[in-house]
Amino acid sequence: MKVELETLKELQLVTNRLLELEKLLSAVPSEVQSLETEWQEMQSKLEGLTQNRSETEQKLKTSRESLEVATQQNKKFEHDLNAVTNSKEYSAVLKEIDSARKKIGHLNEEITQHSTELAELKSKIDECSQLAQESEAKYKEALETHRGSQADHQQEFEAKTAEKATILKKVSAPLLSQFNRIAARRNGVGLSLCVNSICTACNVRVRANIVDQLRTGNRVIQCESCQRILCYHEEEPAGK
Ligand SMILES: [Zn+2]
């Protein structure tokens, strides 16, 4: 029985590591996630600026076309001024010229404003696309490193799965089903080490006569507190 309990202990250790590996394999580290978020934010900022630029370009084009039209109209009015026959017509044409010139002035202001905006947007876009490239590189590097470590974990996962299968063959069916029943209710932990008279799973003291029985390891004893199968362990367990 003592040998079987030792085998069960090995089973517990390999099961614990498999659970850890499952978690590691399914999770993307938060630093990689935040680098991805940073890159996505930079990309959407860049998209916004690019959108803004094409809108401004369109406005500039419209203003230039309007200016062209207004300039032609103004020329026509100036030409008309030579052909007026009375003062009423004269003042009417003058009024048109005045309004056309105001319009031209206004359009020129608009064009200047749009051009300034375009120049500013261009430098913002240059800056932003530089930053986007940098954060993309940082993210991809972190992701690659993470995937590298995942490959190690995947390899270990496969090795531990094979190890578990081998261990399972060495445990008797009744003991294994008892272990599995307990493990299913206790987060996958069906066996606990009794170290310095304490159940290491639930931290409850194990009675002295039970510890004596555990030391001989002649029968399967469950912790009176957490019900896990107890396995006697002389000192603090060294790591995993
Ligand atoms: Zn316990």
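A residue is called buried when its relative accessible area is under 20%. The structure discussed here is a predicted model.

Q: What makes Cys223 count as buried?
A: Its relative accessibility is 3%. The cut-off for buried is under 20%, so Cys223 counts as buried.

Q: Is Cys202 buried, exposed or partly exposed?
A: Cys202 has 22% relative accessibility. Partly exposed covers what lies between under 20% and over 50%, so Cys202 counts as partly exposed.

Q: Which atoms coordinate the zinc ion, and how do you know that they are donors?
A: They are the SG atoms of Cys199, Cys202, Cys223 and Cys226, at 2.2 to 2.3 Å. A donor here is an N, O or S atom within 2.8 Å of the metal, so these sulfur atoms qualify. Along the sequence the donor residues follow the spacing C-x2-C-x20-C-x2-C. Cys202 sits in the loop between β2 and α5, and Cys223 in the loop between α5 and β3, so this pair ties together parts that are 21 residues apart in sequence.

Q: Why is the site of the zinc ion called tetrahedral?
A: The angles among its four donor atoms are 103 to 116°. Four donors count as tetrahedral if all angles lie between 85 and 135 degrees, so the site is tetrahedral.

Q: Why are Trp39 and Tyr139 called a stacked aromatic pair?
A: A search of the whole structure finds one aromatic pair. It is formed by Trp39 and Tyr139, with 5.5 Å centre to centre and 25° between the planes. Rings pair if their centres lie within 6.5 Å, and planes under 30 degrees apart count as stacked, so both conditions are met. Trp39 belongs to helix α2 and Tyr139 to helix α3, so the pair ties together parts that are 100 residues apart in sequence.

Q: Are Trp39 and Tyr139 buried or exposed?
A: Trp39 has 14% relative accessibility and counts as buried. Tyr139, at 9%, counts as buried too.

Q: How do you know that the span of helix α3 is close to the expected one?
A: Helix α3 has 84 residues and reaches 119 Å from its first C-alpha to its last, against 124 Å expected at 1.5 Å a residue. At its N-terminal end, Asn86 acts as a cap, with a side-chain oxygen 3.1 Å from the backbone nitrogen of Lys88.

Q: What makes β3 mostly covered?
A: Five of its five residues are buried. Ile229, Cys231 and His233 point one way, and Leu230 and Tyr232 the other way.

Notes
Residues are numbered from 1 along each chain as its sequence is written. This is a predicted model: local features need pLDDT of at least 70, side-chain atom pairs count only at pLDDT 80 or more; totals for chains, interfaces and linings use all residues. Side-chain values use heavy atoms; hydrogens and water are left out. Helices (H or I, at least four residues) and strands (E, at least two) are DSSP runs, numbered from the N terminus. The expected span of a helix is 1.5 Å times one less than its number of residues. A polar contact is a pair of N or O atoms within 3.5 Å; within protein, one must be able to donate a hydrogen and the other to accept it, and residues adjacent in sequence count only if both atoms are side-chain atoms. Rings of Phe, Tyr and Trp (its six-membered ring) pair if their centres lie within 6.5 Å; planes under 30 degrees apart count as stacked, over 60 as edge-to-face and the rest as tilted. Buried means under 20% relative accessible area, exposed over 50%, partly exposed in between (1.4 Å probe, protein chains only). Donors are N, O and S atoms within 2.8 Å of the metal (3.2 Å for Na, K and Ca); water is not among the atoms, so sites may look incomplete. Four donors count as tetrahedral if all angles lie between 85 and 135 degrees; four count as square planar and six as octahedral if opposite donors are over 155 degrees apart and all others between 65 and 115; anything else is irregular.
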